[in-house]
Amino acid sequence: MPTFTAPDGTELAYHDSGPGSGAPLLCLPGGPMQDSAYLGDLGGLAARRRLIRLDLRGTGASAVPADPASYRCDRLVEDVEALRRHLGLDAVDLLGHSAGANLAALYVTRHPGRVARLVLVTPGTAAVGLDTPPEERLTTARLRSGEPWFGPAYAALEEVTAGRGTAEAFGAVAPFFHGAWDEAAQKRHGEGDRQRNDEAAAAYGGEGAYDPPATRAVLAGFDRPVLVVAGQGDVNTPPPTAAAYAALFPKAELAVLAGAGHFPWHDAPEDFTRTVDAFLTT
């Protein structure tokens with residue numbers, strides 16, 4: 001397992017897979033603070049692109065830092081920059097999934113000249129200050145009204161969007177995050193809970209982590225190509241929210257994948273792989 005040293009001395013690990021030739025795609029996991037193993041080969045993208053998956057500090061094979069405050073998203077930016085330098089790359093193609101998109105956005109804010117292309121997959125929006133209206137989530141959820149699990153899950157989502165969500169309600173909405181709530185999706189969902197560092201997740205978006213106006217100002221001047229990937233049925237980042245995120249950039253395109261939820265490389269692997277690969281090679 002290849003490793004490198006963060007600026008504060010923490011030993012961090014990364015996973016290098018796929019063809020050896022061509023520019024690598026540096027992948028930042030969500031969760032927040034989940035083992036990057038859940039990204040896998042991104043639906044087969046590793047057959048076309050060299051993927052570099054970073055295990056954020058305190059997750060996967062990376063060491064636990066001496067200072068728990070260093071889990072905060074803005075402080076993780078320099079871990080990403082240290083990996084870029086370790087790889088000897090002048091600039092990187094960067095992918096952030098879900099909460100990892102917040103880290104990707106902050107990296108662009110601090111090191112815009114080091115990003116060649118940016119891919120945001122069902123992105124979290126805290127770093128840019130975008131809020132998703134409750135009705136937007138519910139409208140997206142109603143696309144699944146024919147599913148056998150829909151009734152209880154939708155009732156739980158109504159509670160969550162009204163600000164009355166209990167731990168039980170948050171658990172009950174899980175089917176809406178997946179294109180199909182089958183045995184494989186249920187297994188992945190359970191693994192995700194076990195792969196996340198809860199202490200780190202609590203600190204990730206802590207006070208001071210984000211400055212949305214400053215981030216949006218930098219993104220408005222970021223002139224490199226950007227791809228925002230949305231799942232048609234994703235209640236976490238519904239397509240209208242993803243479109244609003246894409247509109248923050250001067251050169252962004254939006255891809256909405258039919259039949260996909262929050263993890264589109266599982267739900268629509270061929271479309272996901274084709275879309276991302278085409279973006280990175282043009």
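## A guided tour of the predicted protein chain

Begin with the whole chain in view: among contacts with a separation of 6 or more, 74% join residues 24 or more positions apart in the sequence. The model is a predicted one, and its secondary structure comes to 11 helices and 8 strands. Switch to a C-alpha trace, and the atoms fill a box of roughly 50 × 40 × 40 Å along the principal axes. The radius of gyration is 18 Å, which agrees with the value near 19 Å for a compact globule of 282 residues.

Next, show the surface and colour the residues by burial. About 11500 Å² is exposed, with carbon and sulfur atoms supplying 51% of that area, while buried residues make up 51% of the 282 residues in the chain. If you then colour by charge, you will find 24 positive and 35 negative charges, whose mean positions lie 5 Å apart.

**The nonpolar cores**

Hide the surface and select L28, L94, L103, L118, L120, Y245 and F249, which touch the most other members of the largest nonpolar core, a set of 45 residues. Which helix gives the most to this core? It is α2, residues 100-110, with a contribution of 7 residues. Now centre on L28 and, leaving aside neighbours within four places in sequence, display its contacts, which are L54, V80, L94, L95, G96, H97, G100, L103 and A104. A second core, separate from the one just visited, has 23 residues, among them C27, L45, V229 and F279.

**The loop between β3 and β4**

Move on to P32, placed in the loop that runs between β3 (25-28) and β4 (51-54). Two backbone features can be inspected in this part of the chain, and a general expectation helps in reading them. Most peptide bonds are trans, and most residues other than glycine have a negative phi. The peptide bond that joins G31 and P32 is cis, with omega at about -5°. Select L42, also found in the loop between β3 and β4: although not a glycine, L42 has a positive phi of about 50°. Is L42 buried or exposed? Its relative accessibility is 1%, and therefore L42 counts as buried.

**S98, ahead of helix α2**

For another backbone of this kind, select S98, which sits in the loop between β5 (92-97) and α2. S98 has a positive phi of about 55°, and this residue is not a glycine either. With a relative accessible area of 12%, S98 is buried, because the cut-off for that class is under 20%.

**N197, between two helices**

Turn now to N197, in the loop between α6 (183-195) and α7 (198-204). N197 counts as buried because its relative accessibility is 15%. Which residues does N197 touch, not counting those up to four places away in sequence? Display M33, G58, T59 and Y71 to see these contacts.

**A13, in strand β2**

Select strand β2, residues 11-17, and pick out A13 within it. The relative accessible area of A13 is 0%, so this residue is buried. Not counting residues up to four places away in sequence, A13 touches M1, P2, T3, R53, L54, D55, A61 and S62; L54 also appears among the contacts of L28. To gauge a distance across the model, draw a line from the C-alpha atom of A13 to that of T125: the two residues are 112 apart in sequence and 26 Å apart in space.

**Two further loop positions**

Go to A66, found in the loop between β4 and α1 (73-87). How much of A66 is accessible, in relative terms? The figure is 85%, and A66 is therefore exposed. A line from the C-alpha atom of A66 to that of G30 spans 22 Å, for a pair 36 residues apart in sequence.

The last stop is E147, placed in the loop between α3 (134-141) and α4 (150-161). E147 is partly exposed, because its relative accessible area of 31% falls between the limits for the buried and exposed classes, which are under 20% and over 50%. Finally, select A180 as well: the C-alpha atoms of E147 and A180 are separated by 9.2 Å, and the two residues lie 33 residues apart along the chain.

Conventions
Residues are numbered from 1 along each chain as its sequence is written. This is a predicted model: local features need pLDDT of at least 70, side-chain atom pairs count only at pLDDT 80 or more; totals for chains, interfaces and linings use all residues. Side-chain values use heavy atoms; hydrogens and water are left out. Helices (H or I, at least four residues) and strands (E, at least two) are DSSP runs, numbered from the N terminus. The radius of gyration is taken over C-alpha atoms; the globule rule is 2.2 Å times the number of residues to the power 0.38. Buried means under 20% relative accessible area, exposed over 50%, partly exposed in between (1.4 Å probe, protein chains only). Contact means heavy atoms within 4.5 Å. Accessible areas come from the Shrake-Rupley method with a 1.4 Å probe; for residues, only the protein chains shown count as cover. Lys and Arg count as positive and Asp and Glu as negative; His and the chain ends are not counted. The place of a charge is taken as NZ of Lys, CZ of Arg, CG of Asp or CD of Glu. A nonpolar core is a set of buried Ala, Val, Leu, Ile, Met, Phe, Trp, Tyr and Cys residues joined through side-chain atoms within 4.5 Å.
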